[in-house]
Amino acid sequence: MKVFINKRIPEAGIEMLEEAGLEIILPEKENLSYDEWINYCKNTDTILNVGGDFKYDKNFFDACPNVKAIALYSVGFDHVDIREATQKNIPIGNTPDVLSRATSDVAFLLMQSVARRASYNFQKVKDDNWGGFDPLHALGQELYGKTLGIFGLGRIGYEMAEKSKNAFGMNIIYHNRRQNEEAEKELGATYVSFDELIKNSDVLSVHANFTPEHKELFSYSIFEQMKPDAIFINTARGGFHNQKDLYQALVNKKIWGAGLDVTNPEPMSADDPILGLSSVCILPHIGSATVEARNGMARLAAGNIIAFSKNEKMPYCANPDVYSDHLS
């Protein structure tokens, strides 16, 4: 069985695939054009996909009828038409949980960096622009006892909430499709409506799975309902927020600050005016960028491919319905 891997992954995953006797196909270069990518995919049985450069949509599946399974090197699968894949009996694997801590660490980092204007002050140091002591200049804010609102309290959101409660004694409110009993019991989290979440959060952190219904959910009309000293954090997907609206909300003091590990668009322009604001911190999508998380992702993705090659269910499958009429 042939496995096409479109970009390099840690050796932990490669070794697993080789030990399983699978033939690995790696491109001669990593930045493939769409046509080059399709040509590789046409000639393989399975794909271990890294990144979201191209869409796995109906056009892809029609062009690549030999593809029988796809293992994503990610938790998110918004670049895959899950319904189309399921109709074609193609399992889509992903890598949940293994990067929950790493990604929540970045959300926690952004919250503190924004609260203390870390990016702005670091730039002052690099510019040799310390200036004299000014008791009122570019003050930050403390997080002790404030309210953290979580949009999407899954594993990553839980980790973020736990860190924030333990470090700063923050009160946790959240909005989910269903209530999280573990978070309510262990963290004292309170389930609230979306409107309550928006209006009552001192820090609002996005951790939900992205779906088309969420496209630019956080727009100007939402930001202007938030507290004027609120901080918006997004480490999930850039599509959750309208970045121009976010900039306007910050400039018009509808909210106080923003921390992003994902942007809209991504990558964003280096001359985006939001980068000039003192209460903003933006990172280049590094949520899972630790040795531990990336090795874990490689193992899970490889494990999904290996299970498929043995005619077994993928351990981590985004469309388990594909197995309903097949494996028991």
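Which residues does D78 touch, not counting residues up to four places away in sequence? Let's work through that and a few more exercises on this predicted model.

**Exercise 1. Find the contacts of D78, then describe its setting.**

Step 1. Start with the location: D78 sits in the loop between strand 4 (69–72) and helix 4 (82–87).

Step 2. Leave out residues up to four places away in sequence; D78 then touches K55, F210 and R237.

Step 3. Turn to accessibility. The value for D78 is 33%, and partly exposed covers the range between 20% and 50%, so D78 counts as partly exposed.

Step 4. Finish with a distance. D78 and F308 are 230 residues apart in sequence, and their C-alpha atoms are 22 Å apart in space.

**Exercise 2. Decide whether S219 is buried or exposed, and list its contacts.**

Step 1. Locate S219: its place is in the loop between strand 9 (203–206) and helix 10 (220–223).

Step 2. Compare its relative accessibility with the cut-off. Buried means under 20%; S219 has 17% and therefore counts as buried.

Step 3. Set aside neighbours within four places in sequence, and S219 is in contact with N242 and D245.

**Exercise 3. Describe how helix 1 packs with helix 12.**

Step 1. Recall what is needed: two packed helices are described by the angle between their axes and the distance between the axes.

Step 2. Read off both values. The axes of helix 1 (residues 11–19) and helix 12 (residues 291–309) come within 7 Å and cross at roughly 20 degrees.

Step 3. Classify the angle. Angles under 35 degrees count as roughly parallel, and helix 1 and helix 12 are therefore roughly parallel to each other.

Step 4. Add the handedness: helix 1 passes helix 12 in a right-handed crossing.

Step 5. Name the partners. Helix 1 brings A12, G13, M16 and L17, which meet N295, A298, R299, A302, G303, I305 and I306 of helix 12. Sorted by class, this contact has seven nonpolar, three polar and one charged residues.

**Exercise 4. Classify the aromatic pair of Y56 and F60.**

Step 1. Begin with the total: the structure holds 18 aromatic pairs.

Step 2. Take the geometry of one of them. Y56 and F60 lie 4.7 Å apart centre to centre, with 80 degrees between the planes.

Step 3. Apply the cut-off. Planes over 60 degrees apart count as edge-to-face, and the pair of Y56 and F60 is edge-to-face.

Step 4. Check the surroundings: both Y56 and F60 are buried.

Step 5. Look elsewhere too. One aromatic cluster is formed by F151, F194, F210, F218, F223, F232 and F240; F210 is also among the residues that D78 touches.

Terms used:
Residues numbered from 1 in each chain as written. Predicted model: local features only at pLDDT ≥ 70, side-chain atom pairs only at ≥ 80, totals over all residues. Heavy atoms only, no water. Axes fitted to C-alpha atoms, helices over the stretch in contact; angles between N-to-C directions. Helix = DSSP H or I, 4+ residues; strand = E, 2+ residues; numbered from the N terminus. Parallel < 35°, antiparallel > 145°, perpendicular 65-115°, else oblique. Left-handed = near helix turned anticlockwise from the far one by under 90°. Contact = heavy atoms within 4.5 Å. Nonpolar A, V, L, I, M, F, W, Y, C, P; charged D, E, K, R; others polar. Phe/Tyr/Trp six-rings, centres within 6.5 Å; stacked < 30°, edge-to-face > 60°. Buried < 20%, exposed > 50% of the residue type's maximum accessible area, 1.4 Å probe, protein only.
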